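Colleague: I am new to this structure and should like to learn how to read it. May we go through it step by step?

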Amino acid sequence: SDGSDGGDDNQIIAGTAPGFEPFEMTRDGELVGFDIDLLEAVVDETEYELAEWNEYEFDSLIPALENGNIDVIAAAMTITEERQQSIAFTEPYYSANQSVLVQSGGDFAPEALEDLEDREVGAQSGTTGETVVQEQLIDEGLISDDQYTSYDNYVYAVQELERGLLDAIVIDEPVGATFADSRDVEVAFTFETGEEYGFGVQQDASDLQTALSDGIAAVRESGQYDEITQTWFDS
Ligand code: GLN
């Protein structure tokens with residue numbers, strides 16, 4: 001009967017893909033990061049309640065949303081026209097560009113995508129970094145299909161770069177810079193893509209979409225957005 005389960009209608013489940021510091025990662029067994037704090041603050045501004053976080057590989061998030069296993073994606077996901085064919089996004093909450101990571105202290109020092117010609121390149125499956133590799137390296141004939149390796153998670157790509165099994169990784173700049181702080185890799189160069197991250201929702205979830213967009217505006221207004229930024233981007 002209606003009314004008895006009314007509270008549950010406002011419970012939402014979020015999905016993310018840890019391994020993308022500082023946006024989402026596991027620390028001491030706990031899921032933490034900018035996106036985690038931001039979505040929780042944003043949902044607090046709404047009538048909804050965040051019941052649970054589920055973890056996926058990045059390229060499984062859109063299918064999980066489409067089949068209703070989750071209600072919202074919070075995974076530093078760039079708003080793209082291609083993704084908007086299958087899901088909807090809130091207003092943007094973060095701007096980013098791409099970067100190219102190389103091994104620290106090696107002699108390979110590319111300054112532009114053309115310099116990756118005939119190199120072994122990696123990215124994470126389903127990302128905009130992978131789209132750059134496909135469209136600007138493979139389709140342009142700079143590298144062959146075989147010279148590209150797609151990883152389930154950027155963490156594995158960084159491990160292979162450290163070991164010299166890859167020459168370069170294409171990755172969102174804030175995350176590339178964070179890997180460069182903690183691992184034996186460095187940012188060779190960055191290039192502008194003008195990406196904007198949004199929270200993903202189902203195409204027919206316009207109430208949730210509007211509530212979350214209004215919530216983003218509210219946390220910007222209240223100063224919480226700046227506090228969360230300082231927490232995760234303080235260095
Ligand atoms: N922003 C990039 C994208 O949307 C990477 C996101 C990620 O790897 N979590 O594809």
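The dialogue below treats the domains, their interface and the ligand in turn.

Modeller: Please keep in mind that this is a predicted model.

Colleague: Which segments of the chain make up domain 1 and domain 2?

Modeller: The domain assignment gives domain 1 as 6-93 + 198-232, and domain 2 as 97-193. Their C-alpha centres lie 26 Å apart, and the contact takes 13 residues from domain 1 and 15 residues from domain 2.

Colleague: How should I read the area between the two domains, and which residues of domain 1 supply 40% of the area that it buries there?

Modeller: Buried area is the accessible area that two parts lose on being put together. Here domain 1 and domain 2 bury about 1100 Å² between them, with 54% of it on carbon and sulfur atoms. On the side of domain 1, Phe-20, Glu-21 and Phe-58 supply that 40%, more than any other three residues.

Colleague: How many salt bridges and polar contacts are found between the domains?

Modeller: The rule finds 0 salt bridges across the interface, whereas 3 residue pairs are in polar contact. The residues of domain 1 that touch domain 2 divide into 6 nonpolar, 3 polar and 4 charged.

Colleague: Which residues are around the ligand?

Modeller: Among them are Phe-20 and Phe-58, which also figure in the domain interface. Others include Gln-124, Asp-172 and Tyr-197.

Colleague: Which polar atoms approach the ligand, and how much of its area does the protein bury?

Modeller: Nitrogen atoms of the ligand are 3.0 Å from a polar backbone atom of Ala-75 and 2.8 Å from a backbone N or O atom of Ala-76. An oxygen atom of the ligand is 2.8 Å from a side-chain N or O atom of Arg-83. Taken alone, the ligand exposes 290 Å², and the protein buries 100% of that.

Conventions. Residues numbered from 1 in each chain as written. Predicted model: local features only at pLDDT ≥ 70, side-chain atom pairs only at ≥ 80, totals over all residues. Heavy atoms only, no water. Domains from an automatic or database assignment. Contact = heavy atoms within 4.5 Å. Buried area = accessible area lost by both parts, 1.4 Å probe. Salt bridge = Lys/Arg side-chain N within 4 Å of Asp/Glu carboxyl O. Polar contact = N/O pair within 3.5 Å; in protein donor to acceptor, adjacent residues only side chain to side chain. Nonpolar A, V, L, I, M, F, W, Y, C, P; charged D, E, K, R; others polar. Near = heavy atom within 4 Å. Areas by Shrake-Rupley, 256 points an atom, 1.4 Å probe, with all protein chains shown as cover.
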